[in-house]
Amino acid sequence: MTIDQTGSPPTAGHQFPVGSDAFPHRHLLGIAGLQPWEILFLLKEAEQWVDLNRQSSKHVDRLDGLTVINAFFENSTRTLLSFEIAGKRMGADVVNMHAAQSSVKKGETLIDTAVTLNAMRADAIVIRHASSGAVRLIADKVDCPVLNAGDGSHEHPTQALLDALTIQRRKGDISGLTVTICGDVMHSRVARSNIYCLTTLGAKVRVCAPTSLLPASLDRMNVEAFSNFEQALDGADVVMMLRLQNERMNGDFIPSPREFHHLYGLTRERLALAKPDALVMHPGPMNRGVEISSDVADDLERSAITEQVEMGVAVRMACLDVLTRRSRGVEGWS
Amino acid sequence: MKQVFTDAQVLVPGAQAPQSINVATDGDRICRISEDGPSENQQTIDCKGAILAPGIIDLGVFSIDKPAFHYGGITRAALMPDQSPVLDLPAMIKHNASEGKPDLWSHPLAAATKGLKGAELAEIGLMKQAGARAVATGRSWIADSGIMLKLLHYCHSLDMPVIVHSEDRGLTANAVATAGETATRLGLSSAPATAEALSIARDIALVRESGAHVHFRQVTTAQGLDLIRAAKSEGLPVTCGITPAHLFLSDIAISEFRTFAKLSPPLRSEEDRQSCLKAIEDGTIDVISSGHDPRGPEDKRLPFAEAEFGMAGAETLLALSLNLVRDGLIGLNRLFELLSATPAKILGVEAGQITEGYEADLIVIDPEAPWQIDTRKMAASAGNTPFDKLPVQGRVHAIYKGGKAL
């Protein structure tokens with residue numbers, strides 16, 4: 001079996017390396033640096049869990065006896081729930097640690113917290129934190145695999161994987177597609193992980209926002225930047241909208257949500273500029289009437305938003321499974 | 001005590017290269033530079049062919065850290081006013097001026113405004129009487145141009161230079177990095193390099209208005225350096241400095257969220273770094289200082305945005321700066337103008353060069369001696385250097401403060 005290591009994106013029928021060579025990383029801290037076949041391997045693994053999740057009995061005992069700690073230093077509902085369901089469906093003991101309950105509020109440093117979690121002999125730790133790079137800091141101090149559930153404006157790798165899985169299932173091959181990402185790109189970890197993921201898999205990525213919400217040097221990330229939404233939508237296969245955080249909008253980066261919707265809101269009329277079968281995506285939660293209008297969000301034919309949530313559980317099951325294979329002594333993963 | 005340093009290659013002001021000459025001291029002063037050998041009542045110090053240079057004067061440190069300074073050949077250090085409490089009262093100046101004596105002289109810089117808040121002028125005149133030789137805005141920038149102009153007028157009348165930090169806070173508010181590819185990839189809050197130029201441009205305009213001497217403590221961008229260059233050619237009384245970190249590292253050094261490379265101003269793009277090297281070569285930059293700011297793990301082992309700014313730089317200042325000589329940008333004599341003579345002139349002290357009548361602050365160095373920077377072995381109160389594990393050349397073999405061996 002040969003693996004294409006030239007950097008060209010693998011095709012759907014791609015052969016993967018055997019055992020841990022298919023995904024040689026100890027943690028999943030980000031998409032940056034992953035090879036195309038490593039991303040596709042995780043997507044392939046996730047596929048089997050999609051099928052399981054659609055059955056009436058959704059339980060397997062693959063992670064039986066393992067402890068997964070979801071350490072969320074920043075509020076989250078859907079990602080925490082998704083990781084919790086993923087762990088529980090695979091038989092793990094899942095413990096959720098919320099920031100409000102954590103010692104970090106009492107002045108304990110993040111590293112102390114990491115050492116404490118490590119001493120509790122978790123088998124995997126899922127971390128969300130408001131600071132870019134915080135998850136890496138913890139990963140350096142613990143013995144078990146760490147999954148990044150979002151760190152500041154840096155990365156949200158499982159979101160990018162679930163988005164890629166959604167696109168792949170709807171569109172087939174990701175390579176060659178044109179994906180337009182629009183919204184608060186500057187503060188979005190979803191945008192960064194998706195840019196890394198989709199460009200690595202050979203998609204053409206456009207980002208769109210007023211320049212005040214576009215970070216510098218985006219051109220170095222192999223994307224095309226637009227400030228005109230109509231131009232960015234022209235002929236797009238996928239339109240991915242990002243949440244605009246209301247607290248950042250007053251006088252800081254844009255004049256008002258009303259103006260933003262007028263210029264950058266995804267309406268049915270604007271969507272008509274993309275390809276007729278263009279897929280609409282949003283990582284949620286949505287600001288209806290701001291970055292996306294309700295009729296577009298709720299259009300079952302065009303919108304894949306609820307499907308993204310469904311794929312999220314499957315992707316997280318796959319990641320927990322793959323990253324714990326070494327500790328579980330799975331053959332070929334020593 | 002009378003001494004004579006023999007068999008030394010002496011860095012004499014104005015000379016192109018080190019001179020084979022003897023340096024005699026009497027008490028704390030240099031008394032004679034000549035080819036004369038030692039007389040009967042003089043103690044001989046055989047330098048065995050090594051370089052004899054003036055002690056380094058580190059302009060703008062955040063902590064008096066004697067072991068690190070002695071290791072690095074630093075005999076005087078100008079202490080930034082950002083202390084706890086802020087150096088904004090004569091008593092604070094008096095106390096801190098005596099802190100390192102007799103083997104290290106600390107020159108506390110008077111806070112420009114009360115509490116460094118940028119709102120009300122501090123008692124600069126009284127602090128001058130208490131021993132302050134310059135005024136500084138600390139890590140902050142005085143946003144109010146009216147206050148800044150009053151400060152410059154007032155300092156001009158007192159003949160005190162003003163050392164400023166140049167970053168427009170309107171742009172840098174929450175920024176932890178310079179805007180560019182690295183900050184974009186890491187998702188770090190960043191500010192454009194223009195923040196520096198904006199601040200410098202305003203202050204140059206106010207220098208033109210007031211006639212005060214402004215020293216821009218760290219200028220790190222091409223735009224900023226162009227402004228300084230133009231101001232100097234206009235004849236304005238401006239000088240500027242830099243640290244080795246900004247000369248030898250670009251923003252790539254913060255990859256993987258390395259907080260030891262989190263500095264203020266932040267590490268810049270490679271293009272800006274190259275402009276800084278050019279500015280060293282063409283003489284636009286007047287001072288190289290360490291920006292010594294030792295920080296323990298409680299300040300640095302944190303997520304990047306939450307970690308404090310600053311590096312421990314005193315021990316590595318000389319060895320890193322010697323790279324400029326090895327790379328052929330400047331000669332050894334010019335290097336010690338940047339490290340010692342010009343900082344002394346800004347502070348108005350008779351030190352920083354090997355001249356008769358000046359303070360006998362001397363260091364014996366081997367510019368070729370190899371060693372490796374190692375955070376675990378540093379003499380500083382903390383080992384937060386972004387240069388960890390870097391092999392370097394250049395060591396201080398002996399250090400004399402006021403003629404006394406330390």
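Trainee: Hi! Can we start with S217(A)? Where is S217(A) found?

Mentor: Sure! S217(A) sits in the loop of chain A that runs between β6 (204-208) and β7 (224-226). Keep in mind as we go that this is a predicted model.

Trainee: Got it. What is the phi of S217(A)?

Mentor: The phi of S217(A) is positive, at about 60 degrees, although this residue is not a glycine.

Trainee: Okay, backbone stuff is fun. Which residues does a cis peptide bond join in chain A?

Mentor: Take a look at G284(A) and P285(A), which are joined by a cis peptide bond with omega of about -10 degrees. P285(A) belongs to the loop between β9 (279-281) and α10 (294-297) of chain A.

Trainee: And over in chain B, what is the omega of the peptide bond from K101(B) to P102(B)?

Mentor: Omega is near 5 degrees there, and the bond from K101(B) to P102(B) is cis. As for its place, P102(B) is in the loop between α2 (90-97) and β10 (105-108) of chain B.

Trainee: Let's switch to how the chains meet. How many residues are in contact between chain A and chain B?

Mentor: Chain A brings 20 residues, in contact with 16 residues of chain B.

Trainee: How much area do chain A and chain B bury between them?

Mentor: About 1600 Å², with 57% of it on carbon and sulfur atoms. The size of an interface is often given in this way, as the accessible area lost when the parts come together.

Trainee: How many salt bridges does the rule find across that interface?

Mentor: The rule finds 1 salt bridge across the interface of chain A and chain B. R220(A) forms a salt bridge with E181(B), and the closest N and O atoms are 3.1 Å apart.

Trainee: Why can side chains pair like that?

Mentor: Side chains of opposite charge can pair when their charged atoms come close.

Trainee: Makes sense. How many residue pairs are in polar contact between chain A and chain B?

Mentor: The count is 8 residue pairs, with both residues at pLDDT 80 or more. On the side of chain A that touches chain B, α3 (110-119), α4 (134-139) and α6 (189-200) of chain A each supply at least two residues. α4(A) gives the most, with 3 residues.

Trainee: What classes do the residues on that side of chain A divide into?

Mentor: They divide into 9 nonpolar, 7 polar and 4 charged.

Trainee: Back to salt bridges for a sec. How many are there over all chains?

Mentor: By this rule, 42 salt bridges over all chains. One to look up is E45(A) with R325(A), where the closest N and O atoms are 2.6 Å apart. That pair links distant parts of the chain, 280 residues apart: E45(A) is in helix α1 (residues 36-53) of chain A and R325(A) in helix α12 (residues 325-328) of chain A.

Trainee: Nice. New topic: how much space lies in the second largest pocket?

Mentor: About 670 Å³. Its lining has 36 residues, and those nearest the centre are Y196(A), T182(B), R185(B), L186(B) and S255(B). β4 (146-151) of chain A, along with α6 (181-186) and α10 (270-281) of chain B, each give two or more residues to the lining.

Trainee: Which element gives the largest share?

Mentor: That would be α6(B), with 4 residues. By class, the pocket's lining has 11 nonpolar, 12 polar and 13 charged residues.

Trainee: Last one! How many cavities of 30 Å³ or more does a search of the whole structure find?

Mentor: The search finds 1. The largest cavity holds about 150 Å³ of space. It is lined by 14 residues, and F62(B), Q218(B), S264(B), G291(B) and G310(B) are the closest to its centre. The lining divides into 4 nonpolar, 7 polar and 3 charged residues.

Key: Residues numbered from 1 in each chain as written. Chains lettered and ligands numbered in written order. Predicted model: local features only at pLDDT ≥ 70, side-chain atom pairs only at ≥ 80, totals over all residues. Heavy atoms only, no water. Contact = heavy atoms within 4.5 Å. Buried area = accessible area lost by both parts, 1.4 Å probe. Salt bridge = Lys/Arg side-chain N within 4 Å of Asp/Glu carboxyl O. Polar contact = N/O pair within 3.5 Å; in protein donor to acceptor, adjacent residues only side chain to side chain. Nonpolar A, V, L, I, M, F, W, Y, C, P; charged D, E, K, R; others polar. 1 Å grid on protein atoms, 1.4 Å probe; cavity = no way out; pocket = protein on both sides within 12 Å on 5 of 7 lines; lining within 4 Å. Points joined across faces, edges and corners; volume = space filled by probe spheres on them.
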